[in-house]
Amino acid sequence: MKTNLFAGIMAVVGLAGCAWAQDEEARLNNTLANMKAELQLTQEQVSAVRPVMQEYDSRRQELKQRQKEDMSIDDQTIADQTARLNEEEAQALGKVLDPEQMKKWKNKQRMRSALNSGGRSADTGWAPRDTQTGVGIGF
């Protein structure tokens with residue numbers, strides 16, 4: 001009986017892990033599709049961007065998990081480490097994107113960051129909007 005219960009629990013945990021991985025893959029595919037459309041990426045660039053996005057998404061998830069496991073890590077430390085990861089990611093993407101694409105990507109990231117911080121930019125106080133559509137932006 002215990003073996004069946006344990007096997008059942010492990011099956012549920014395994015399915016949840018698979019669902020999480022599928023959600024992450026779907027989110028990555030959506031992000032890449034948006035980047036391809038908005039930045040007019042070539043297929044070669046999409047292929048080069050994918051592993052960069054996967055690596056830094058994984059590293060950000062690890063950081064969040066560490067904070068959950070170690071309650072002594074404060075929010076500012078996490079924010080600083082996340083900012084460092086974001087800068088490293090930008091440098092890696094800068095090797096793939098052309099200067100105009102990089103400029104657009106950085107602008108989108110600044111707007112997304114401002115939206116995630118309550119809809120207002122910490123340094124300017126304005127709520128970011130896409131200049132063409134008038135709606136909030138984010139990859």
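**Four helices and their salt bridges**

From the N terminus on, the elements of the protein chain run α-α-α-α.

Modeller: Before you ask, this is a predicted model, where local features need pLDDT of at least 70 and side-chain atom pairs count only at pLDDT 80 or more, while totals for chains, interfaces and linings use all residues. Residues are numbered from 1 along each chain as its sequence is written, and side-chain values use heavy atoms, with hydrogens and water left out.

Biologist: Okay, how many helices and strands does the protein chain have?

Modeller: Helices (H or I, at least four residues) and strands (E, at least two) are DSSP runs, numbered from the N terminus. On that basis, the count for the protein chain is four helices and zero strands.

Biologist: What share of the residues of the protein chain counts as buried?

Modeller: Buried means under 20% relative accessible area, exposed over 50%, and partly exposed in between, using a 1.4 Å probe and protein chains only. The protein chain has 139 residues, and the buried share is 27%.

Biologist: How many salt bridges does the structure hold?

Modeller: For a salt bridge, a side-chain nitrogen of Lys or Arg has to be within 4 Å of a carboxyl oxygen of Asp or Glu. By that rule, the number in the structure is eight.

Biologist: Take Glu-25 and Arg-50: which helices does this pair tie together?

Modeller: Their side chains meet in a salt bridge, 3.1 Å from N to O. The two residues are 25 apart in sequence, and Glu-25 lies in residues 2-39 while Arg-50 lies in residues 43-69, so the pair ties together helix α1 and helix α2.

Biologist: Is Glu-25 buried or exposed, or something in between?

Modeller: Its relative accessibility is 34%. That value makes Glu-25 partly exposed.

Biologist: And Asp-57, which residue is its salt-bridge partner at 2.6 Å?

Modeller: Asp-57 lies in helix α2 and the partner in helix α1, so the pair ties together parts that are 30 residues apart in sequence. Asp-57 counts as buried, at 14% relative accessibility, whereas the partner is partly exposed, with a relative accessible area of 35%. The closest N and O atoms are 2.6 Å apart, and the partner is Arg-27.

Biologist: Which residues are linked with Arg-27 and Asp-57 in a network of salt bridges?

Modeller: Arg-27 and Asp-57 do not stand alone: they belong to a network of salt bridges. The other members are Glu-24, Arg-60 and Glu-89.

Biologist: How many residues apart are Arg-59 and Glu-55 in helix α2?

Modeller: Their side chains meet in a salt bridge, at 3.3 Å from N to O. An α-helix has 3.6 residues a turn, so residues three or four places apart point the same way. Arg-59 and Glu-55 sit about one turn of the helix apart, and the spacing in residues is four.

Biologist: On to α4: how far does this helix reach from its first C-alpha to its last?

Modeller: Helix α4 covers residues 99-116, which makes 18 residues. The expected span is 1.5 Å times one less than the number of residues. For α4 that is 26 Å, and the model comes close to it, with a reach of 25 Å.

Biologist: How far apart are the C-alpha atoms of Gly-94 and Trp-105?

Modeller: Gly-94 is found in helix α3, residues 75-94, while Trp-105 is one of the buried residues in α4. Along the chain they are 11 residues apart, and their C-alpha atoms are separated by 9.8 Å.
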